[in-house]
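Student: Please take a close look at the salt bridges in this model, and place them in the helical framework around them. I would like the cut-offs stated as you go.

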Amino acid sequence: MDPERKKEIRREYYLKGSMIFLLIAVSVIFAFCIFRYGIMWRHISRILNVLKPIIFGIAIAYVINPIVEFIDKGLSKLFGRFKHLKYTEKITWVISVLVALVIFLLLIVLCFYLIIPGFVSSISDLVVKLPQQATSMTQKITNVIHARGLSGVANDVLGTGEKWVKDTLVPRMTKWVTEFSWASPLADGIGAVFGFVKNFLIGIICAIYLLINKTLFLRQSRKLVCAVFKPKMASNVLQACKKANSIFSGFINGKLLDSLIIGVLCFIGVSVLRIPYPMLISVVIGITNIIPVFGPYIGAVPCFALTFLSKPVSGITFLVFIILLQTLDGNFIGPKILGDKTGIETFWVVFAITVGGGLFGVFGMLIGVPTFAVFYYLLRSGVNYLLQRKNLPLNSNFYTEDVKEKLQTASLISKTENETESETEAEAEEPAESVATPESSC
């Protein structure tokens with residue numbers, strides 16, 4: 001047998017064996033992830049806990065990167081005449097990173113300065129007034145029940161509730177209070193605060209290094225991709241990474257800006273309408289607005305309960321105001337800022353939020369939409385590639401109920417075209433054969 005043929009056979013067997021091995025390995029890993037989810041997640045949590053400062057740094061760098069690029073663009077125009085100097089671009093980029101970081105820290109300090117005093121004041125008022133408000137609301141409900149002649153039903157309900165409180169709730173609370181040690185949670189809380197501050201400070205240092213060396217890290221990443229994959233596959237991988245970056249940066253930065261605007265508008269509206277706890281309500285509405293679809297409702301429910309306990313009229317006013325505000329956000333502010341960054345339908349947005357929240361909590365609800373959008377983009381690109389190979393249309397409108405007849409028609413047309421091409425090639429070859437026959441006979 002030809003040595004080249006032997007090499008090809010060996011290569012084919014090697015590739016088949018490698019694919020079988022990878023398939024078995026992936027199946028084993030998948031089964032382990034399903035049946036040993038708790039063990040796996042414990043190890044992942046431990047690794048993530050160690051990498052927290054790095055994760056903080058990547059997150060900070062990702063958030064302030066648009067500010068860095070904007071400042072660098074302005075500095076490049078300002079110092080355009082010094083482009084011929086060796087380190088001009090490097091110096092302008094380092095200055096942009098430092099200025100963007102200072103702006104980021106000033107914004108955090110400003111937010112704390114403006115928000116924390118009002119937030120603490122609202123919490124203090126809430127702690128003092130909430131028991132009185134709850135008692136007053138209970139008395140009003142009792143008066144309404146007696147006025148409507150429902151005292152018998154009310155007494156049964158209140159009797160059942162009182163019995164449950166005396167026999168079940170109070171003994172459990174007493175046991176919990178007597179056995180509970182305040183030292184442990186207090187120490188844990190202080191430790192958590194110091195841990196967060198430590199990770200945040202180290203994260204800022206990591207963010208500085210990441211942003212300053214951004215160009216080098218990107219080139220090294222592209223170099224690694226080109227070394228691992230073939231040129232065509234490397235091009236596809238780089239395109240997918242570029243698209244993923246566009247989806248994540250556009251969605252997260254746009255959502256943060258949108259939530260900031262909604263929080264400010266909520267504070268202005270609540271203050272004008274004289275609704276109690278304006279700073280507390282605005283912070284809750286602004287933060288929960290980061291979560292798509294469900295976020296506004298998650299934040300509005302407790303805020304409505306607080307305002308309704310304080311003054312029922314204020315609660316109804318707040319409910320009407322928040323509906324109008326979310327309508328404005330959903331139809332004007334959000335689309336103007338975000339546009340169609342994800343490219344997925346509303347059902348898939350809800351699906352991504354539900355799955356992400358179920359697996360990773362609030363963080364999963366936030367990143368679930370852009371993550372699913374990236375997977376959706378990759379799946380759509382793969383489907384379109386397979387359809388192009390089969391010469392089928394990419395538009396979904398083609399695939400209606402009568403798609404079977406359409407495919408048969410397309411197959412017949414393709415078959416006819418192939419037969420026509422074969423006949424044309426045969427006619428083109430006939431003169432050559434007729435010329436060659438006399439020569440062979442000679």
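Tutor: What follows goes from the overall fold to the salt bridges, then to helix packing and a few single residues.

The model is predicted, so to read it note that local features need pLDDT of at least 70, side-chain atom pairs count only at pLDDT 80 or more, and totals for chains, interfaces and linings use all residues. Residues are numbered from 1 along each chain as its sequence is written, and side-chain values use heavy atoms, with hydrogens and water left out.

The protein has 13 helices and zero strands. Helices (H or I, at least four residues) and strands (E, at least two) are DSSP runs, numbered from the N terminus. Of the 442 residues, 22% count as buried. Buried means under 20% relative accessible area, exposed over 50%, and partly exposed in between, with a 1.4 Å probe and protein chains only.

Side chains of opposite charge can pair when their charged atoms come close. A salt bridge is counted when a side-chain nitrogen of Lys or Arg lies within 4 Å of a carboxyl oxygen of Asp or Glu. By this rule there are two salt bridges.

One of them joins the side chains of Lys 214 and Glu 69, at 2.7 Å from N to O. This pair links distant parts of the chain, 145 residues apart: Lys 214 is in helix α7 (residues 214–228) and Glu 69 in helix α3. Glu 69 is partly exposed, with a relative accessible area of 39%.

Another salt bridge is formed by Asp 258 and Lys 255, at 3.8 Å from N to O. Asp 258 and Lys 255 are three residues apart in helix α8, and so are separated by about one helical turn. Asp 258 counts as buried because its relative accessibility is 1%. Lys 255, at 10% relative accessibility, also counts as buried.

Helix α8 (residues 231–272) packs against helix α12 (residues 346–389) at an angle of about 150°, with their axes 10 Å apart. Axes are lines fitted to C-alpha atoms, for helices over the stretch in contact, and angles run from 0 to 180 degrees between N-to-C directions. The two helices α8 and α12 are therefore roughly antiparallel. Angles under 35 degrees count as roughly parallel, over 145 as roughly antiparallel, 65 to 115 as roughly perpendicular and the rest as oblique. The crossing of α8 and α12 is right-handed; a crossing is right-handed if the near helix is turned clockwise from the far one by less than a right angle, and left-handed if anticlockwise.

In the loop between α8 and α9 sits Arg 274. Phi of Arg 274 is near 60°, a positive value in a residue other than glycine. Arg 274 is exposed, with a relative accessible area of 74%. Beyond that loop, helix α9 (residues 278–288) packs with helix α10 (residues 295–310) at about 165°, their axes 7 Å apart. Helices α9 and α10 are thus roughly antiparallel to each other, and their crossing is right-handed.

Helix α3, which holds Glu 69, also contains Pro 53. Pro 53 counts as buried, at 12% relative accessibility. Pro 53 and Asn 199 are 146 residues apart in sequence, yet 4.5 Å apart in space, C-alpha to C-alpha. Tyr 87 lies in the loop between α3 (52–78) and α4 (88–147). At 53% relative accessibility, Tyr 87 counts as exposed.
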